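Ready for a few warm-up exercises? Have a look at the model first, then try each task before reading its solution.

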Amino acid sequence: MSDHDSGTSSRPAGQTSASAGRRRRYLAAIALTMATALTGAACSSSGTSSDSAKGPVTLTFWVKTPFPDSKVLLDLWKKQHPDITVKMEIVSASGNTIPQAKLLLDVKADRAPDIAAFDTQYLPQFVTTGSVLDLKTVSGGDASALASHYEAWAWSTVQVGDGLYGLPIDSGPLSLYYRKDLFEKYGLPVPTTMDEYVRSSIALHKKDPSVYMGNLPTNDASPFNALAWAAGSRPFKVEGKSWVVDIANPAALKVANTMQKLLDEKAVLTLPQFSSQWGQDLNTGKVASWISAAWAPGPLESVAPKTKGKWAVAALPQWTPGTAASGSWGGSSAVVFKSTEHPKEALEFAKFITTNQQVWSDYWIPKITIYPTNLKAQKSEALSKPSSFFGGQKIYDTIAASNHSVARDFNYGPVANEWFTTEQNYLSQAVNGKMTLAEALEATQKSVVAYMRKQGLSVQEP
C-alpha cells in the first residue's frame with residue numbers, strides 16, 4: 001500500500017514472557033546461523049491449529065494508517081463470515097518512529113495482533129524475530145497452493161527460506177508520470193532511457209530555471225532504492241549461512257552517479273516528498289514529471305488538482321537501452337502472527353483481502369488506489385477505465401507492463417528499518433552537499449554491516 005498503509009493491536013501471546021523470550025532467542029539464533037530461514041523452528045508455532053475455532057471468533061487487524069471507508073471492507077468480510085469479527089486498529093507511532101518500528105517493539109513485548117498489513121520491505125526483519133507464522137503450517141489452510149494467484153516476483157518477496165510468511169496485497173512498480181503540456185511547451189521528448197532523462201532535465205532547467213524535471217527527496221530512501229532495483233541492484237543475498245551485503249554495488253552506484261549529475265547541475269529539486277511545498281510545486285507546474293509507483297495517481301490527484309487532464313504515464317526510462325526492467329517502491333502484505341489463537345481464520349482473512357475480487361473492485365482499487373498483486377484483480381474492469389486526470393489515458397496498461405517487468409530476485413534483507421533509516425540520513429547529507437551520493441552509499445554499507453554484526457548476524461561483503 002505504497003508508503004501509506006499498514007498494521008496494529010494488542011493481544012497476549014498466550015505464553016509466559018520467559019518462554020516467549022526463550023523462543024525468540026532460539027529462533028533468532030537460527031536466523032543468525034542460517035541467515036534467512038527460520039524454517040523448521042518457525043513451523044513449530046503454538047498458533048498452528050488443525051481445526052477451525054468453534055463459535056464466534058474475533059481477530060485484531062493492525063494497519064499503519066486509517067483506511068478510507070474501512071467499513072466497506074469489513075462489511076464485505078462480515079457478510080461472508082458472520083461468525084468471525086475483525087477489529088481494525090491503527091498503529092500508534094510518535095516522533096520519528098515509523099509504524100513498522102513501533103510494531104516490532106510491540107511484537108518483542110508480546111503484544112502482536114492476529115494479522116497486520118505492512119510494507120513488504122520489512123517482512124524479513126519480522127521473520128527474524130520468530131513472531132511471524134509460516135502460513136504453510138496452518139492445517140487445512142493450503143496457503144502454498146495460492147502461488148498461482150499472485151504476480152511471481154511479489155510472491156517471492158513474502159518467502160524467506162522455505163517459509164511463506166505473508167500474502168502480497170499490492171505492488172509499486174515504477175513508471176514515469178509526466179506533464180504533457182510542459183513537455184510540449186519546452187520541446188521535450190518523453191525519455192526512454194535514464195541518459196535521456198538526465199539530458200532533458202538539464203535542458204529543461206536551462207530553458208526555464210523555475211521548472212524542474214523531478215525531485216530527489218531528502219526524507220525517503222525508497223525511491224532511490226526502487227530505481228536501483230530497476231538498474232540491477234541486489235543489496236542483500238544469502239550465501240551458505242551468511243548474509244552478503246552489497247548496498248554500494250555497481251548498479252546502485254550507477255544510479256548514484258547519474259543522480260549526482262543532476263545535483264551538480266542544480267537540475268533537480270530536493271524537497272521532502274509529500275511536503276506542502278512539494279505538493280504546491282506539482283500543482284503550479286514547477287515539476288514536469290515524477291518517477292513514481294503504481295499508487296502515485298491517488299496522491300497526484302490530491303495534491304495537484306489544478307493539473308487535471310495534463311498528465312500522462314509512460315514506461316520507466318531504462319538504465320540499459322532496449323530493455324524492460326522495473327523496480328518496486330512500496331507494496332504491502334498481509335501477515336499472520338504466531339501469537340494468534342485462530343490461525344486458520346486469520347489466514348482466511350489474509351486470503352480474503354488479497355484475492356477476493358469484490359474486495360478489489362469495491363474497495364482496494366476505488367478507495368485506496370493501489371495496484372493488485374493478485375493476477376485476476378489485475379484484469380479488473382476498474383483498471384481498464386480511462387482516467388480523466390490523465391487526459392483519458394488508460395494508465396494501468398502502462399503500469400501493468402512495468403509490474404510484469406519487475407525482477408524477482410531482489411531481497412530487502414533482515415534489517416530493512418536500519419538500512420532505510422541510515423541510507424536516508426546519508427542521502428540527505430549528499431543532497432545538502434556534505435558528501436556525494438556514491439559516498440552516501442559507501443557510508444550506508446559500512447554502517448549497516450557494522451549494525452548487523454553487532455546484532456550477531458553472519459555477514460559477508462563482496
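A polar contact is a pair of N or O atoms within 3.5 Å; within protein, one of them must be able to donate a hydrogen and the other to accept it. Keep in mind that this model is predicted.

**Exercise 1.** Work out in which order the strands of the open sheet lie, and which strands are at the edges.

*Solution.* Start with the order: the five strands run 2-1-3-13-6, with mixed pairing. Next, look for strands that pair on one side only: these are strand 2 (84-90) and strand 6 (167-168), the edge strands. Then add the helix: helix 13 (residues 343-355) packs on the sheet, and its direction makes about 50 degrees with that of strand 1 (57-63).

**Exercise 2.** Find how strand 1 and strand 2 run and how they are connected.

*Solution.* Strands 1 and 2 are parallel, joined by seven bridges. Within this pair, L59 stands opposite V86 of strand 2. Now follow the chain: together with helix 3 (residues 70-80), the two strands make a right-handed β-α-β unit.

**Exercise 3.** Decide whether T120 is buried or exposed, and find what its side chain meets.

*Solution.* First, place T120: it sits in the loop between strand 3 and helix 5 (123-128). Its relative accessible area is 7%, and buried means under 20%, so T120 is buried. Its side chain makes a polar contact of 2.7 Å with that of S333. As for S333, this residue is the bridge partner of F118, in strand 13. Strand 13 (residues 332-336) pairs with strand 3 (residues 115-119) in the antiparallel sense, over five bridges. Finally, the residues T120 touches include T157, V158 and Y412.

How values were computed: Residues numbered from 1 in each chain as written. Predicted model: local features only at pLDDT ≥ 70, side-chain atom pairs only at ≥ 80, totals over all residues. Heavy atoms only, no water. Pairing = 2+ DSSP bridges. Helix = DSSP H or I, 4+ residues; strand = E, 2+ residues; numbered from the N terminus. Contact = heavy atoms within 4.5 Å. Axes fitted to C-alpha atoms, helices over the stretch in contact; angles between N-to-C directions. Right-handed = clockwise from strand over helix to strand, strands pointing away. Buried < 20%, exposed > 50% of the residue type's maximum accessible area, 1.4 Å probe, protein only. Lists of a residue's contacts leave out its neighbours within four places in sequence.
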